[in-house]
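Got your viewer open? Let's take a short walk around this model, one selection at a time.

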Amino acid sequence: MIKEMIVVEGKSDTAAVKRAVEADTIETGGSAVNKSVISQIALAMERRGVIILTDPDHAGERIRKIVSAKVPGCKHAFIPEKDATRKGDIGVENASPEAIRHALAHVHTAFEGSQPIIGIDDLMAAGMLVHAEAAERRMALGNLLGIGYCNGKQLYKRLAMFGITREEFAQALDQIEQGGLTS
């Protein structure tokens with residue numbers, strides 16, 4: 001049984017999570033997260049803690065940002081897009097139980113106001129910005145670090161927010177360089 005409440009988008013996501021682990025969920029009902037749902041999440045955060053597990057798409061990221069802003073201290077779990085896609089449809093409900101368990105076993109806690117360890121120059125040198133394959137490289141890096149896909153500006157913020165070390169960054173970069181892109 002997972003102690004924290006898991007925030008998901010809908011009923012299909014709850015069903016997928018329950019196939020993978022024994023846990024309680026809170027459904028946002030889509031990207032228009034209302035005050036009642038935020039109140040439930042805030043109470044869950046006080047009593048049990050919260051893990052946000054949303055779809056690896058624009059709407060999922062929007063929900064993640066809304067919940068994180070309204071309820072600080074949430075943990076974050078990410079499923080790579082390739083593991084959450086079936087027949088062109090992206091979502092937690094399409095992920096295998098193994099992919100969900102892996103995401104929940106590798107959660108990150110956001111530390112708001114954290115000072116960046118990896119700078120913009122580091123991201124440029126690593127080909128994460130202004131590079132022909134920058135998007136693919138960011139996706140591979142996000143998957144390897146378990147922080148999800150994001151654009152360059154978001155990557156910079158997430159690396160700081162989740163306290164990714166230079167060593168973790170370098171190891172993931174080495175994997176990308178050695179094995180090609182693993183997005």
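Start on the outside by selecting Ile120, Met124 and Val130: together they make a nonpolar surface patch of about 310 Å². Keep in mind as you click around that this is a predicted model.

Now zoom in on one member of that patch, Met124. You'll find Met124 in helix α5, which covers residues 120-125. Is Met124 buried or exposed? Somewhere in between: Met124 is partly exposed, because its relative accessible area is 42%, and partly exposed means neither under 20% nor over 50%.

Next, head inside. How many cavities of 30 Å³ or more does the structure hold? Just one. The largest cavity has a volume of about 40 Å³. To see its walls, select Ser68, Val71, Pro72, Gly73, Cys74, His76, Ala110 and Glu112. Try colouring that lining by class: you should get four nonpolar, three polar and one charged residues.

Last stop: the largest pocket, with a volume of about 330 Å³. It is lined by 16 residues, and the closest to its centre are Lys65, Ser68, Lys157, Arg158 and Met161. Ser68 should ring a bell, since you also selected it for the lining of the largest cavity. Now show the helices α3 (58-70) and α7 (152-161); each supplies at least two residues of the pocket's lining. Colour this lining by class too, and you'll see five nonpolar, four polar and seven charged residues.

Note on methods:
Residues are numbered from 1 along each chain as its sequence is written. This is a predicted model: local features need pLDDT of at least 70, side-chain atom pairs count only at pLDDT 80 or more; totals for chains, interfaces and linings use all residues. Side-chain values use heavy atoms; hydrogens and water are left out. Patches are made of residues with over 30% relative accessible area and no salt bridge: like charges are joined within 9 Å, nonpolar side chains (Val, Leu, Ile, Met, Phe, Trp, Tyr) within 5 Å. Accessible areas come from the Shrake-Rupley method with a 1.4 Å probe; for residues, only the protein chains shown count as cover. A salt bridge is a side-chain nitrogen of Lys or Arg within 4 Å of a carboxyl oxygen of Asp or Glu. Helices (H or I, at least four residues) and strands (E, at least two) are DSSP runs, numbered from the N terminus. Buried means under 20% relative accessible area, exposed over 50%, partly exposed in between (1.4 Å probe, protein chains only). On a 1 Å grid over the protein atoms alone, a cavity is a set of points where a 1.4 Å probe fits but cannot get out, and a pocket is an open set with protein on both sides within 12 Å along at least five of seven lines; lining residues have an atom within 4 Å of a point. Grid points are joined across faces, edges and corners, and a volume is the space filled by probe spheres set on the points. Ala, Val, Leu, Ile, Met, Phe, Trp, Tyr, Cys and Pro count as nonpolar, Asp, Glu, Lys and Arg as charged, and the others, Gly among them, as polar.
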